[in-house]
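Student: Let us work through this model by question and answer. Keep the replies short, please.

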Amino acid sequence: MIEYLYGLQKHGIKLGLETMRLLLDRVGHPQSSLQVLHIGGTNGKGSTASMAAAVLHCAGRRVGLYTSPHLVDFRERIRVNGEMIPEERVEGLLTRLRAVLRDDLHPTFFEMTTALAFLHFAESAVDVAVLEVGLGGRFDATNVVEQPLACAITTIGMDHQEYLGTTEETIAFEKGGIIKPGVPVVIGRMEAEAEQVLSRLAKDRSAPLWRLGREFSLDQDRDGRLVYRGVTHVIEGVECGLVGRHQWDNAACTLALLEAADQRGMTLDERAVLEGLRTVSWEGRLEKIDEAPHVVLDGAHNPAAAEVLARYLTDYAAQHPDSRIILVWGMMRDKDHRGFITPLLPVVSEIVLTQAALGRSATVHELRAVLDEWSGPVQEAMLPTDAVALARSRAMPQDLLCITGSLMLLGDIKAAICGCDLSPIRG
C-alpha cells in the first residue's frame, strides 16, 4: 500500500476541495466527528502543532497529530498520543479508501493521506485532532473541517509562490482560508500587510482575532522567567523544550490556541501547559544529535526560516566565541537558494555543499553558483553522509556543525544515523 501512495505522488499538487469532500463522504465523513485544532502558516506550524499535542496529551487527552512532511518513515505524519499509525492500519484503511474511488475519483497523495489520518483519528476515538495545514490553507485538503475549535496562523513568508502568489498579502489570503465563521483565530508575528489581510478576513467572518503582541504574549519577567499573558490566563514559569528564541513565539501561539479552545469547552490545564511545553520534542528543528563537535539538524528551507536560523547561530557564536560554525547545506531546486543563504553567510565560517537523494534536489554546482561573492571556504560532497563526515573532519571539538536547507536532506541523514531505510515517499 505504501507503493500505491508512492505512485499517487505523480499526480503532484492539486488545489481544491471537491475531490476531498467526495472521498470523505464515501467513507462516512470521519472528519465530522472530530474536535479539531487547525494550524497553518509559512514557518512554525509544525512546532506549534507538536506543542499543542504535547500539552493536550499531558492533560490526559487522547490526541491525534497530523503533520507533514515526514523525515524517515511515512507513518510519522499520523500519530495518536505520540505513536505512529501501525503499518497494518495503513494497509487496512488504504484498502477501504481505494475501494470507494471507482473511475470518477483521482485523489492526490496528500488528499489520500489526509483521508487516512481522518479515518485513523475517528476510529481511534481521539478527544482532539491537531491538524497541520499542508500547503496554503484555502484549498488545502485539511480545510474540509468546517468548525474547528480554534485555528492558528503562525507566520506569513515567501514560499510556494507558484501556488500561493508572489506577495505576502496574497499568501496571507490563501493561508487565511482556514479562518471559519465564528471560530477564534490566533496569529503570530508577521509584517503589517499580511496581518491586515488576516484581520480583514477574521472581521468578515466574525471570527475572534487574537494577535501575538496584542491580545497575548510570552515574555521574560525581571528574573528571566517566561510568562504567558493571554486573554483569560496568565501562566508563569513557562519553559520550552524546543531550542531557539523563535520557539517562544510558537509557544505563545500554542497557548493562545489552547486558550481559545478553552473558551469553547476544552479546559486549559496549566499544569499540563508547563509539563507539555517543557518536555515537547520535534525532530529536525534545531535538533541536537551529537557533541564535540556540537551537531544540529534544522529543517529551515526558505528565507524567513533562514533569518530565524541566522539569529540562533549569531546568539550561539556570541556565547561560544571560540567556536567556528560549519554549515552543511542542501536544498530543493525550486527554493530560493540565494535568499536562503544570504542571512547565514555573516555567521558561518565554512560551508559543505551536498544534495539529498531526490531528483528535485539542487545540485552542489547550482548551490555553489549563489556563493560567488562569498570568500569563505566551500567544500563539496554529493552524498549527505559524506558531507557530514567531511564537515566533522574539518571541525574542532568546540565547533558547531549545522545541517540545514531541506527536510529531505535531514531525512537522508537521520536514516543513515538510525541505520534504517527511508520511506520511498518523500516530500
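Student: Does R102 count as buried or exposed?
Tutor: Judge by relative accessible area, with a 1.4 Å probe and protein chains only: buried is under 20%, exposed over 50%, partly exposed in between. R102 comes to 56%. That is over the upper cut-off, so R102 counts as exposed.

Student: What pLDDT do local features need here?
Tutor: Residues are numbered from 1 along each chain as its sequence is written, and side-chain values use heavy atoms, leaving out hydrogens and water. The model is predicted: totals for chains, interfaces and linings use all residues, side-chain atom pairs count only at pLDDT 80 or more, and local features need a pLDDT of at least 70.

Student: Where is R102, and what is its phi?
Tutor: R102 sits in the loop between helix 4 and helix 5. Helices (H or I, at least four residues) and strands (E, at least two) are DSSP runs, numbered from the N terminus. Most residues other than glycine have a negative phi. R102 is not a glycine, yet its phi is positive, near 55°.

Student: L286 also has a positive phi. Is L286 buried or exposed?
Tutor: L286 is in the loop between helix 10 (270-279) and strand 12. Its phi is about 45°, though it is not a glycine. At 6% relative accessibility, L286 is buried.

Student: What is omega for the peptide bond from S68 to P69?
Tutor: Most peptide bonds are trans. P69 lies in the loop between strand 2 (63-66) and strand 3 (78-80). The bond from S68 to P69 is cis, with omega near -10°.

Student: Which residue does a cis peptide bond join to A292?
Tutor: The partner lies in the loop between strand 12 (287-290) and strand 13 (294-298). Omega of the bond is about 5°. The residue joined to A292 is P293.

Student: At what angle do helix 2 and helix 5 pack?
Tutor: Axes are lines fitted to C-alpha atoms, for helices over the stretch in contact, and angles run from 0 to 180 degrees between N-to-C directions. Helix 2 covers residues 18-26 and helix 5 covers residues 109-123. Their axes are 10 Å apart. The angle is about 35°.

Student: Which residues of helix 5 meet helix 2?
Tutor: Contact means heavy atoms within 4.5 Å. Helix 2 brings T19, M20, L23 and L24. On the helix 5 side are E111, M112, T114, A115 and F118.

Student: How large an arc do the buried residues of helix 2 cover?
Tutor: T19, M20, L23 and L24 are buried in helix 2. They lie on the same side of the helix, because the arc, taken from the directions from the axis to the C-beta atoms, is only 125°.

Student: What covers the buried residues of helix 2?
Tutor: One of the covering elements is helix 5, which meets T19, M20, L23 and L24. The cover also includes helix 4 (87-99).

Student: Which residues does N250 touch, beyond four places in sequence?
Tutor: N250 is in helix 9 (residues 246-262). It is buried, at 6% relative accessible area. In space, its C-alpha is 9.9 Å from that of A52, 198 residues away in sequence. The residues N250 touches are G44, S47, T48 and M51.

Student: How far apart are the C-alpha atoms of L345 and L371?
Tutor: L345 is in the loop between helix 12 (337-341) and strand 15 (350-353). It is buried, at 17% relative accessible area. Leaving aside neighbours within four places, it contacts I351, L371 and W374. L345 and L371 are 26 residues apart along the chain, and their C-alpha atoms are separated by 9.1 Å.

Student: What is the relative accessible area of R211?
Tutor: R211 is in strand 8 (residues 209-211). Beyond four places in sequence, it contacts I187, E195 and F216. R211 is buried, with a relative accessible area of 19%.

Student: What is the radius of gyration of the protein chain?
Tutor: The chain has 15 helices and 17 strands. The globule rule, 2.2 Å times the number of residues to the power 0.38, gives 22 Å for 427 residues. The chain is close to that, so it is as compact as a globular protein of that length. Its radius of gyration, taken over C-alpha atoms, is 21 Å.
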